[in-house]
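Me: I'd love a close look at one part of this model: the aromatic side chains and how they sit against the rest of the fold. Could you walk me through it in one connected answer?

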Amino acid sequence: MASYTTIADWRDVRDGYVVAITIRQTEHGEYPSGRDYSLHFGEVGGDTILRYDNAHERTKGHERHTRDDVEYIDFPGMLELYERVTREVDDRSSASWEWSLE
């Protein structure tokens, strides 16, 4: 069984929105990138506004979810993707988020 090392795992709720970040390093064969991640921004108790994940990386690759669409993306690397998410969420939210890689 492959092991996982948690890089970041946090959740924050503000002004009716939620940010939930999970990033794990792994050697599991389902994740050729070496990362298992979900970078989520949504409404509390409601819709996804934006989420990047690789839940099915082996079969579908890396995905960018919005309210109305799923787009397959090239994986630029974890730090670059994390920075992209912070910019996109900050552009869509009136809340001030404390972005942290624990």
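Reply: Happy to. Let's begin with the cluster that ring pairs make out of Trp 10, Tyr 82 and Trp 99. Please keep in mind throughout that this is a predicted model. By the ring-centre rule, the structure holds five aromatic pairs, and two of them are worth looking at one by one.

Take Tyr 37 and Phe 75 to start with. Their ring centres lie 5.8 Å apart and their planes meet at 20 degrees, so this pair is stacked. The two residues come from distant parts of the chain, 38 residues apart: Tyr 37 belongs to strand β3, while Phe 75 sits in the loop between β6 and α2. Their surroundings can be told apart by accessibility. Tyr 37 counts as buried, at 2% relative accessibility, whereas Phe 75, at 25%, counts as partly exposed.

Now back to the cluster, where Tyr 82 and Trp 99 meet edge-to-face, with 6.0 Å from centre to centre and 90 degrees between the planes. This pair, too, links distant parts of the chain, since Tyr 82 is in helix α2 and Trp 99 is in the segment after α2, 17 residues apart. Tyr 82 is buried at 6% relative accessibility, and Trp 99 is partly exposed at 22%. It helps to have the cut-off in mind here: buried means under 20% relative accessible area, so Trp 99, with its 22%, falls in the partly exposed class.

One more ring deserves a glance, this time for its charged neighbour. The charged end of Arg 24 sits over the ring of Tyr 4, at 4.0 Å from the ring centre.

To place these rings, step back to the sheet. Six strands make up an open sheet, ordered β1-β2-β3-β4-β5-β6, with antiparallel pairing. Its edges are β1 and β6; each has a single partner strand, so one side of each is left without a neighbour in the sheet. On average, neighbouring strands are turned by 10 degrees against each other, direction ignored. Helix α2, the one that carries Tyr 82, packs on this sheet and touches β1, β2, β3, β4, β5 and β6, and its direction makes about 0 degrees with that of β3.

What fills the interior? The largest nonpolar core has 19 residues, and those with the most contacts inside it are Ile 21, Ile 23, Leu 39 and Tyr 52. Two or more residues each come from β1, β2 (17–26), β3 (35–43), β4 and α2. The largest share, five residues, is given by α2.

Tyr 52 is a good place to look more closely. Leaving aside neighbours within four places in sequence, Tyr 52 is in contact with Tyr 37, Ser 38, Leu 39, Glu 63, Arg 64, Ile 73, Leu 81, Arg 84, Val 85 and Glu 88. That list brings back Tyr 37 from the stacked pair and includes Leu 39 from the core. Glu 88 lies in helix α2 (residues 78–92), and is buried, with a relative accessible area of 12%. Beyond residues up to four places away in sequence, Glu 88 touches Leu 50 and Arg 64 as well as Tyr 52.

Leu 50 then leads on into the sheet, where this residue stands opposite Thr 66 in β5. Strand β4 (residues 48–53) and β5 run antiparallel and are joined by four bridges. On the other side, β5 pairs with strand β6 (residues 70–73), again in the antiparallel sense and over four bridges; here the bridge partner of His 65 is Val 70. A hairpin of three residues joins β5 to β6. Four of the five residues of β5 (residues 62–66) are buried, so this strand is largely enclosed by the rest of the structure.

Finally, a stop at the other end of the sheet: Ala 8 lies in strand β1 (residues 4–14) and is buried, at 0% relative accessibility. Between Ala 8 and Ala 20 there are 9.9 Å in space, C-alpha to C-alpha, for a separation of 12 residues in sequence.

Key. Residues numbered from 1 in each chain as written. Predicted model: local features only at pLDDT ≥ 70, side-chain atom pairs only at ≥ 80, totals over all residues. Heavy atoms only, no water. Buried < 20%, exposed > 50% of the residue type's maximum accessible area, 1.4 Å probe, protein only. Pairing = 2+ DSSP bridges. Contact = heavy atoms within 4.5 Å. Core = buried A, V, L, I, M, F, W, Y, C linked by side-chain atoms within 4.5 Å. Axes fitted to C-alpha atoms, helices over the stretch in contact; angles between N-to-C directions. Phe/Tyr/Trp six-rings, centres within 6.5 Å; stacked < 30°, edge-to-face > 60°. Lys NZ or Arg CZ within 6 Å of the ring centre and 35° of its normal.
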